[in-house]
Amino acid sequence: MHLHHLRLTDFKNYQEANLEFPAKINCLVGLNGSGKTNLLDAIYYLSATRSFLGSSDNQLVRYGANHFSIHGSFMMADGHHQVACLVQPGHRKVFSEDSRECEKLSEHIGKYPVVCISPTDMDLVRDGSDLRRKFFDTIIAQIDADYLSWLVIYTRVLKQRNSLLVLFAERNFQDSNLLQSYDDQLISNGKLIANRRKLFINEFKPLVDAAYEFVAGSQEKAELRYSSSVSDSDYEQTLTLSRQKDLVLQRTHVGIHRDDFEFMFTHGELKRLGSQGQIKSFLVALKLAQVELLKRHKGFYPILLLDDIVDKLDNVRMVRLLQKVSSEATGQLFITDAGPERTMALFNSLQIECAIFTVDKGTIVRSA
């Protein structure tokens, strides 16, 4: 799979952009703030129906405009497919494939997979469990449509249960039967989600191990663990026993929405004890493992976006990464760089050809 053509209208700082890309390596160069990351965000949005930067749809509309659109042509094994989205804040987001509108955005997730490595990945280590759950939920959802359905139902029921707890506190009354009806739905979907996460970790962890060893060039082992309070044997009992505390706190504090994915070394937690180099290597390994997992399940490589990481890794790690992602066996690559001299030197030293696009204040020109 590769993105052959991309057209943007009123997306971030792009009033209009119309581009064609080769199937392998595309390097976007330009000063900071010129729009390089915005272009990657548009590609990601067309795949994932959201920004990889966490920006709201309102923030993606170009200043002075009232909507944005993205059109892409993807070359797949069975031919070209046209994907488009039209986003107007306050209205329903519309995605279409080959001129057929997607009834549910969830149906689009995973069809045109994209993996992004960026400096914001550091937040996976620094921040709380919410961001890590969202990251891994996104990966699983791309390879398992049922998982996404379970997650949507669980999230909706959790929100309704929390609203009910607030209502009980405000009106000083309880309806145990009504609360139990929500508990039953949380339990059934929560067990499905927890079990699928366990299966995912069993499959994903060896890929992370191999990727970390490749990137770091070290015998030190990094570990990925799934920590959950949910088990088939005691979930219902635990949720029931926590009901009184939930009523006091006015929120549900037991369930898969409190699970965590832990990043560890043999000697302790990555966040506390890992060096900057180890943390960066581990995060890159996570993304490379994601690439391999998607290839295993989809039968083709996802598009890989490398956003402003050239000066975030030392030369040894960067060379290893470029060797990995630019091989003939891998898919299409987009890389941004504010100082292209180092990137070009690395590509030249590895004898790797790439297409150069110069980005300047919302305009993009391909170098001859």
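**Note on the predicted model: helices, cavity and selected residues**

1. Lys361 is exposed, because its relative accessibility is 72%. The model is predicted. Lys361 sits in the loop between strand E14 (355-360) and strand E15 (363-366). Its phi is positive, about 50°, although Lys361 is not a glycine. For context, most residues other than glycine have a negative phi.

2. Thr49 also has a positive phi, near 65°, and is a residue other than glycine. Thr49 belongs to the loop between helix H1 (36-48) and helix H2 (57-60). Buried or exposed? Thr49 is buried, because its relative accessible area is 10%, and the cut-off for buried is under 20%.

3. Ile109 is in contact with Thr49. Beyond its neighbours within four places in sequence, Ile109 also contacts Ala48, Ala141, Gln142 and Leu148. Ile109 is placed in the loop between strand E7 (100-101) and strand E8 (114-117). Its relative accessibility is 22%, so Ile109 counts as partly exposed. Leu322 is 213 residues from Ile109 in sequence, and the C-alpha to C-alpha separation is 27 Å.

4. Two of those partners, Ala141 and Gln142, are listed among the buried residues of H4. The others buried in H4 are Arg132, Arg133, Phe135, Phe136, Asp137, Ile139, Ile140 and Ile143. Does the geometry of H4 fit or clash with 1.5 Å a residue? The 15 residues of H4 should span 21 Å, and the end C-alpha atoms are 22 Å apart, so the two values agree.

5. Helix H5 covers residues 145-171. At 1.5 Å a residue, its 27 residues should span 39 Å; the end C-alpha atoms lie 40 Å apart, so expectation and model agree. At the N-terminal end, Asp144 caps H5. A side-chain oxygen of Asp144 is 3.0 Å from the backbone nitrogen of Asp146. After H5 comes Asn172, with a positive phi near 55°.

6. Which residues of H5 are buried? They are Tyr147, Leu148, Leu151, Tyr154, Val157, Leu158, Arg161, Leu164, Leu165 and Phe168. An α-helix has 3.6 residues a turn, so residues three or four places apart point the same way. Among what covers the buried residues of H5 are helix H4 (129-143), helix H6 (176-216), helix H7 (235-241) and helix H8 (243-249).

7. His257 touches this part of the model. The His257 side chain makes a polar contact with the side chain of Tyr154, at 2.8 Å. Leaving aside neighbours within four places in sequence, His257 is in contact with Arg133, Tyr154, Leu158 and Thr252. Of these, Tyr154 and Leu158 are buried residues of H5, and Arg133 is buried in H4. His257 itself counts as buried, because its relative accessibility is 15%. It lies in the loop between H8 and strand E10 (260-265).

8. Leu270 is in helix H9 (residues 270-273). Its relative accessible area is 1%, so Leu270 is buried. Which residues does Leu270 contact, neighbours within four places in sequence aside? The set is Val125, Phe263, Met264, Phe265, Gln278, Ile279 and Phe282. Ala84 is 186 residues away from Leu270 in sequence and 40 Å away in space, C-alpha to C-alpha.

9. How many cavities of 30 Å³ or more does a search of the whole structure find? The search finds one. The largest cavity has a volume of about 100 Å³. Its lining is formed by Leu288, Val291, Glu292, Tyr301, Pro302, Leu304, Lys324, Val325, Thr330, Gly331 and Gln332. Helix H10 (276-298) and helix H11 (315-325) are the elements that give two or more residues to that lining. H10 supplies the largest share, three residues. By type, the lining residues are six nonpolar, three polar and two charged.

10. Val319 lies in helix H11. Its relative accessible area is 23%, so Val319 is partly exposed. Leaving aside neighbours within four places in sequence, Val319 is in contact with Leu346 and Leu350. Val319 and Gln278 are 41 residues apart in sequence, with a C-alpha to C-alpha separation of 16 Å.

Definitions and conventions: Residues numbered from 1 in each chain as written. Predicted model: local features only at pLDDT ≥ 70, side-chain atom pairs only at ≥ 80, totals over all residues. Heavy atoms only, no water. Helix = DSSP H or I, 4+ residues; strand = E, 2+ residues; numbered from the N terminus. Expected span 1.5 Å × (residues − 1). Buried < 20%, exposed > 50% of the residue type's maximum accessible area, 1.4 Å probe, protein only. Contact = heavy atoms within 4.5 Å. Polar contact = N/O pair within 3.5 Å; in protein donor to acceptor, adjacent residues only side chain to side chain. 1 Å grid on protein atoms, 1.4 Å probe; cavity = no way out; pocket = protein on both sides within 12 Å on 5 of 7 lines; lining within 4 Å. Points joined across faces, edges and corners; volume = space filled by probe spheres on them. Nonpolar A, V, L, I, M, F, W, Y, C, P; charged D, E, K, R; others polar.
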